[in-house]
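Visitor: I should like to take a close look at a single part of this chain, namely its open sheet and the helices that pack on that sheet. Please describe this part in detail and place it in the setting of the whole chain.

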Amino acid sequence: MKRGDTVPDPVARFHRDLIAAAGRSVADDESVAIAVSGGPDSMAMLALAAAALPGRVIAATFDHGLRGDSAAEAAMVAGWCVDRGIPHATLHPSTPLPRANIQAAARTARYAALADWAGGHDARLLATAHHADDQAETFLMRANRGSGPAGLAGIRRRRTLAPGLDLVRPLLGWRRHDLAAIAATVPSVDDPSNRNIRFARARWRGWLGQQSLIDPAQLARSAAHVAAVQDDLDALRDWAWRERRQPGEAMAVDMAGLPRTLCRLLARTAIHRVRIDHGIVAPAFTDSTPIEALLDALAVGRGATQGGVMATTRGSVWHFIPAPPRRTA
């Protein structure tokens, strides 16, 4: 900040950033759903939202049931909301969470429950408190795994969570210390899992907080730039899919003259479509699954299998069908 600049009002800043994250104005009669864990960041966001949108905020806390204090923490959030006339709900997993890859399972269950709750209240926006420091951690973790643009785009400012419901992150331009003064004015809880070095994110968070060479805000800006590039690539992929998808029931795409990046995007799309159409769930296949070996094979006319989908070529057209079952002895 230059000398003579004024410090922005945090409530006005939040309102502006919420609109920017949503990509539209928030209607006067529209309720905005806030996901609140009870931690200092989400409690600070809840306080900002309540001040920026009086009478138009609803809140929910997802109790994973993984720690003995979780019910009391959800009750703390509920009590704060009741005192301020903010409708609040405590949500729970619909089924017991598996112990394997517990953080991923908990995240999936949390967003599913939050989507059902927000949709049930006709909310069109659900806000979470991810901020620039979270984005920097995500960027470094994925860069360390060799991720491409889709991974390095990090936490997206906005994405569709369910039909008619967008998940938004209005705090992605805020640092953790930006929220600290606001968090100090509200009750909050400390989740010890945030410091548990069994989890990769906790180790990255600890390292990032102890060094002075890397600026988390700049990493977050880099992630935003990559996200803009990825959005353009996605738009180009959608155009190419409409233009190059071959008619007929089979999943076939004409790759003639296309650069490898576009071939990669179209191949991923075709694999995802076949898996959805045929209910293929194993082996796992995500946007970060490497497919370079498949692209190399198809480029020289050989077939290959990826994610339970078999790809073959006929001239410049790549065909994708469910892979036949493996033979057993």
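Guide: The account below begins with the chain, proceeds to the open sheet and its helices, and ends with the elements outside that sheet.

The model is a predicted one. Its chain holds 11 helices and 10 strands, and the C-alpha trace spans about 65 × 50 × 45 Å along its principal axes. Of the 329 residues, 44% count as buried. When contacts between residues at least 6 apart in sequence are considered, 65% of them join residues at least 24 apart.

The part in question is an open sheet of six strands with mixed pairing, in the order β3-β2-β1-β4-β6-β5. Its edges are formed by β3 (88-91) and β5 (158-162); each has a single partner strand, so one side of each lacks a neighbour in the sheet. On average, and with direction ignored, neighbouring strands of this sheet are turned by 30° against each other.

Within the order, β1 (residues 32-35) and β4 (residues 125-127) run parallel and are joined by three bridges. In this pairing V32 stands opposite L125 of β4.

Two helices may be described against this sheet. Helix α3 (residues 70-83) lies across β2 (57-62) and β3, and runs at about 170° to β3. Helix α4 (residues 102-120) also packs on the sheet, where it touches β1, β2, β3, β4, β5 and β6 (165-168). The direction of α4 makes about 150° with that of β2.

Elsewhere in the chain, helix α1 (residues 10-22) packs against helix α2 (residues 40-52) at an angle of about 90°, the axes being 9 Å apart. This angle makes α1 roughly perpendicular to α2. From α1 the contact takes in P10, V11, F14 and H15, and from α2 it takes in M45, L48, A49, A51 and A52. These contact residues divide into eight nonpolar, one polar and no charged.

A further set of strand pairings involves β10 (residues 317-322). Strand β7 (residues 251-254) pairs with β10 in the antiparallel sense over four bridges, and V253 has W318 of β10 as its bridge partner. Strand β9 (residues 309-314) likewise pairs with β10 in the antiparallel sense, over six bridges; here M310 stands opposite I321. The hairpin of β9 and β10 has two residues between the strands, and in it G315 takes a positive phi near 65°.

Terms used. Residues numbered from 1 in each chain as written. Predicted model: local features only at pLDDT ≥ 70, side-chain atom pairs only at ≥ 80, totals over all residues. Heavy atoms only, no water. Pairing = 2+ DSSP bridges. Axes fitted to C-alpha atoms, helices over the stretch in contact; angles between N-to-C directions. Parallel < 35°, antiparallel > 145°, perpendicular 65-115°, else oblique. Contact = heavy atoms within 4.5 Å. Nonpolar A, V, L, I, M, F, W, Y, C, P; charged D, E, K, R; others polar. Buried < 20%, exposed > 50% of the residue type's maximum accessible area, 1.4 Å probe, protein only.
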